[in-house]
Amino acid sequence: MATGSGPAEPAQAGARRLAVIGGRLEDDNVAVYAEMHRMSGGRILVFPTASGEPREVGEETLRAFQNHGFEAEVCDLTAENAGQAAYDPANLGKVADFGSVYFTGGDQAKIVAALVRDGAETPVLAAIRAAHRAGGLIAGSSAGAAMMSGPMILGGTSLESVVHGCVTDPDRPGLLMGTGLGFFGFGMVDQHFIKRGRLGRLIVGMEAAGVRRGFGVDENTALLVEGEVARVRGEYGVMLVDLRRRTAGPDGRAEQAFRLSYVDDGDWIDLARHRAHAGPAKRRVRRSEMAYRAPANSRRNVFGAYALYDLMARLVLGDPAHYAADRGEALEVRSGIRATVALEKTPRVAAGMIATPETGLRMTALNFRAKLIRERVGATETAALVRRGAGTEAPNPKAPVILLGSSPLRDGGAEMLGVVRDLVGQLESGPPDSGPAVPGPVEVGVIAAASAEPARAAADHIEALGRVGLRGIDLSVTIDTVEYVSADPARLDRIAALDAILLCGGNQIRLVETLLHRGEESGVLGAIARAHARGAALVTPSGAAAAVSSVMIAGGSSEEALRYGVASDLGHPGLVIEEGIGFLGAGIVDQNLISSGRLGRLVVACAEENERFGIGVCEESVVIATGQGTRFTAHGRHGFVLVDTGASALELQSDSFVARDIRLTLVGPGDTADLASGEVIRAEPCLASPVLLGRLADDLARGVARRGARGARVSFRATGTLTAALDLESPRDDCD
C-alpha cells in the first residue's frame, strides 16, 4: 500500500541503521554523506572488497569520506586474502573501534565470498553484525547495496530475465541469483535501478525467491533505514514493488500483477506496513499543471534508462479524466518474446504528487496498479513491432525520408540539396484526382522549429533551396506557434499537400517538443504524416535527421556514453536518449559522424535501447530511406556507417559496458543497405572509402584515451574491405 502525504515520519531512536545506496554516489552529494555522518557518528570503516581494483577504489572512497568530515580508514579485505584477513584480530578490532562500515561497488559475490567461508560466517562478519546490533551503520553502494538482502541478484538484464528466467550458468542469458548477507530484512534490493531499467529482473528475482516486496534504489540515491522507517535522499528515488497475483496462459504467456510506487527524495516508507508517504514538500497536481491527455505510444525500450520513470511521470502529470493508463514494451527479436509493463493510476487508490523547487520538478507516484506481461508474438507481429513509424496515416513504402549528415548551409550543402532536388523532382505525390502535373519549381515547406532563431534559419534554408532550383516556403511553425497552426485547417491542408517538407537542423529536442507538443501528436505532425503518406519527401538535415528515429539521440559525446551510459537529461554527463518523431520504423540515426566522433555513442544507444541497427550519416552525405525505413541508399561524399548489434555479445547490467563483435559496414555513395535482408548492394564502381571505418575507430580510441577513462578499451578488426568488427569495453562504476 501507499498513501499521500499525511503522518510525519516517526523517530526511531536506537534502531538498526542501514544506508542502501543505488550506485554512483557522487562526491558532491552532501545530503547523503551528511545522513551517513549523522547515522555513524562521523566514523566509518571502508571495505573495497567488491572492487576489481580494491587499493585504488579504497583510497578514492577514503578521500571522499574525509572530505565530508569523517574519520575513516580502509580495511584490506578481499576475496583473495579473506582466508587470513577475515580472521585477523586487527581487522576485528577496527570494526569494533569504528562501529560503522561502508562497502563500495564492484561484484557483490566477492563481498559474500570474503565474509562467508566454506558456508560459515567469518569473525569479521560476526563483528560487523555485533556493531550493527549496537547501533552502528552498515552502508553500501551498488554491489554494497545488492548484498544487503537475503536473496541476492548477481547479474542479468531485465529483458533477459523475463525471457529466460533464472539460470545458474553465468555465460547464459537470464537472471543469476545468490545468497546475500541479510542485513536488510524487509524485501529484495536492487540498485542502479532506474538508470539501468531493472524492474523486470527484480520482479523475476522476487518470484523465484518467494519474496513479495522489492526495493529498487537508483543511482546517487540512498534508502536510509532506521528500524522500521526508511527515508529517501538523493538525486532520484526508490521504486517500491509489491507483488500480487500471477497468472499463466497458453504458449508461455504470463501476467504478474503488482503495485508500483516511486518514492522520491524527501519521502519516507513505513517498512513494517510497506506503506509509502510523500514528504511535506509534495502536493497534488493542479489542473493547470496536467500536461498529458493521451498515451505516449512510446517506441523506447521500457527497460531502457529512465524509460519507466518517464512513463510514471507522464501519468502523474496526466489528466485523469482522459489519461489514466499507459504501457511500455521491450521485444527480444531472436525469441519473439515481448515484455510489456502496463501502468494504471487508479482513482482513489493511486496518487501522483509533485513539488516544484527551483532545481526542477520532483514527483512521487504512489500505489500504481501494474502488470508485467510476458508473451510470444508471431513473426508478422514481430516485424511490425520492429518497424513502427509515426502518425496514424497508412505508411507509403515509396515515400522517402532524406537524411543529411550535416547542415546544407555548410560545406557540401549545394551538392546535398542537389540530390534532394533530383529525387523530389521524380516524386509522384499528388492526390489521385489532381490531374496532370503543372510545370514549375517544386515547393518545399520549411519548418525551422529546431533553431533558436527560426525566422532567420528558415530564410537561410529557403535561399539555399532556391540556388538549386527548389522553391522554399516558410511554414512559420515554431514551439510558440504550433498550437495556432494546428488549430487552422487551411494551414494544415496546405502542409499536407506539399511535395516535400524540410525540417531544419539545430536542437532536435526543441523540434520534437514542437511536433509532439506536450507529449502528443500535434496537428502539424499529423499534416506532415498525411503528406508523407501521399509520397511527399521528408528532408532532415543534421540534428533533424536524429529526430526522425523513433528513439532519438539528443546529446552526449561518445566518451561520455561509454563511461556514464544513458543520462537522465542534458544536465548530467552521459548519453541523452529521448522519444523521436518516429518516421523511420527501425534503427537509430546519428549524424555528423566523422567530425564529432559519434560512432561510440551510436553503438551505446543501439545497445541500451535494444535496437539492432544504427545509421551513422557522415558529413556532406545524403541517405535516402524508403520501405518504411528498411532500405537506405547513400549519396554524397562519404555515405553512412551501418551499425549492427544483432550478433553482438552485450553486457549492460554489470559495472562495465561491454560490447563485442559489433558489426560495422560502410555503405558508400550509390550503395544500398536492406535492413530486412541484411544485404548491402554495392555500386559499380564502388566509391566507398576503404580507410574510413578504421579512421572512425582510431578517433574513438583517441577520444577515450584523452578522457582518461581507466580500463576503457577499443578494439577494431577489419573483416573485409568495407566491413569490420568493433569491441568496446568501458568501466562505468568508477565513482563507488
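**Exercise 1. The three-stranded sheet and its helices**

Task: In this predicted model, determine which strands helix H9 lies across, then describe the sheet to which these strands belong.

Solution.
Step 1. Helix H9, residues 199–209, lies across S9, S10 and S11. Its direction makes an angle of about 50° with S11.
Step 2. These strands form an open sheet in the order S9-S11-S10, and the pairing is mixed.
Step 3. The edges are held by strand S9 (151–155) and strand S10 (166–167); each has a single partner strand, so one side of each is left without a neighbour in the sheet.
Step 4. Between S9 and strand S11 (residues 175–179) the pairing is antiparallel, with four bridges. Met152 is found opposite Gly178 in S11.
Step 5. Helix H5 (residues 108–115) also lies across S9 and S11, and runs at about 130° to S9.

**Exercise 2. The nine-stranded sheet**

Task: State the strand order of the open sheet of nine strands and identify which strands stand at its edges.

Solution.
Step 1. The order is S27-S26-S28-S29-S25-S35-S36-S40-S41, again with mixed pairing.
Step 2. Strand S27 (471–474) and S41 occupy the edges; because each has a single partner strand, one side of each is left without a neighbour in the sheet.
Step 3. On average, and with direction ignored, neighbouring strands in this sheet are turned by 20° against each other.
Step 4. Within the sheet, strand S26 (residues 443–447) and strand S28 (residues 500–503) run parallel and are joined by four bridges. Here Val446 stands opposite Leu502 of S28.
Step 5. H17 lies across strand S25 (401–404), S26, S28 and strand S29 (537–541), and runs at about 135° to S28.

**Exercise 3. A helix pair**

Task: Describe how H15 and H17 pack, giving angle, axis distance and handedness.

Solution.
Step 1. Two packed helices are described by the angle between their axes and the distance between the axes.
Step 2. For helix H15 (residues 489–496) and helix H17 (residues 523–534), the angle is about 30° and the axes are 7 Å apart.
Step 3. The crossing of H15 and H17 is right-handed.
Step 4. H15 contributes Leu492, Asp493, Ile495 and Ala496 to the contact, while H17 contributes Gly523, Val524, Ala527, Ile528, Arg530, Ala531 and Arg534.
Step 5. By class, the residues of this contact comprise seven nonpolar, one polar and three charged.

**Exercise 4. An enclosed space**

Task: Give the volume of the second largest cavity and characterise its lining.

Solution.
Step 1. Searching the whole structure yields four cavities of 30 Å³ or more.
Step 2. The volume of the second largest cavity is about 70 Å³.
Step 3. The lining consists of Phe193, Ile194, Gly197, Arg198, Leu199, Met239, Val302, Phe303, Leu308, Tyr309 and Val341.
Step 4. Sorted by class, the lining of this cavity has nine nonpolar residues, one polar and one charged.

**Exercise 5. Two backbone features**

Task: Which peptide bond is cis, and where does Asp118, with its positive phi, lie?

Solution.
Step 1. The peptide bond from Glu684 to Pro685 is cis, and its omega is near -5°.
Step 2. Pro685 is located in the loop between strand S41 (679–681) and helix H21 (692–706).
Step 3. Asp118 has phi near 55°, a positive value in a residue other than glycine.
Step 4. The loop holding Asp118 lies between strand S6 (116–117) and strand S7 (120–121).

Methods
Residues numbered from 1 in each chain as written. Predicted model: local features only at pLDDT ≥ 70, side-chain atom pairs only at ≥ 80, totals over all residues. Heavy atoms only, no water. 1 Å grid on protein atoms, 1.4 Å probe; cavity = no way out; pocket = protein on both sides within 12 Å on 5 of 7 lines; lining within 4 Å. Points joined across faces, edges and corners; volume = space filled by probe spheres on them. Nonpolar A, V, L, I, M, F, W, Y, C, P; charged D, E, K, R; others polar. Axes fitted to C-alpha atoms, helices over the stretch in contact; angles between N-to-C directions. Helix = DSSP H or I, 4+ residues; strand = E, 2+ residues; numbered from the N terminus. Left-handed = near helix turned anticlockwise from the far one by under 90°. Contact = heavy atoms within 4.5 Å. Pairing = 2+ DSSP bridges.
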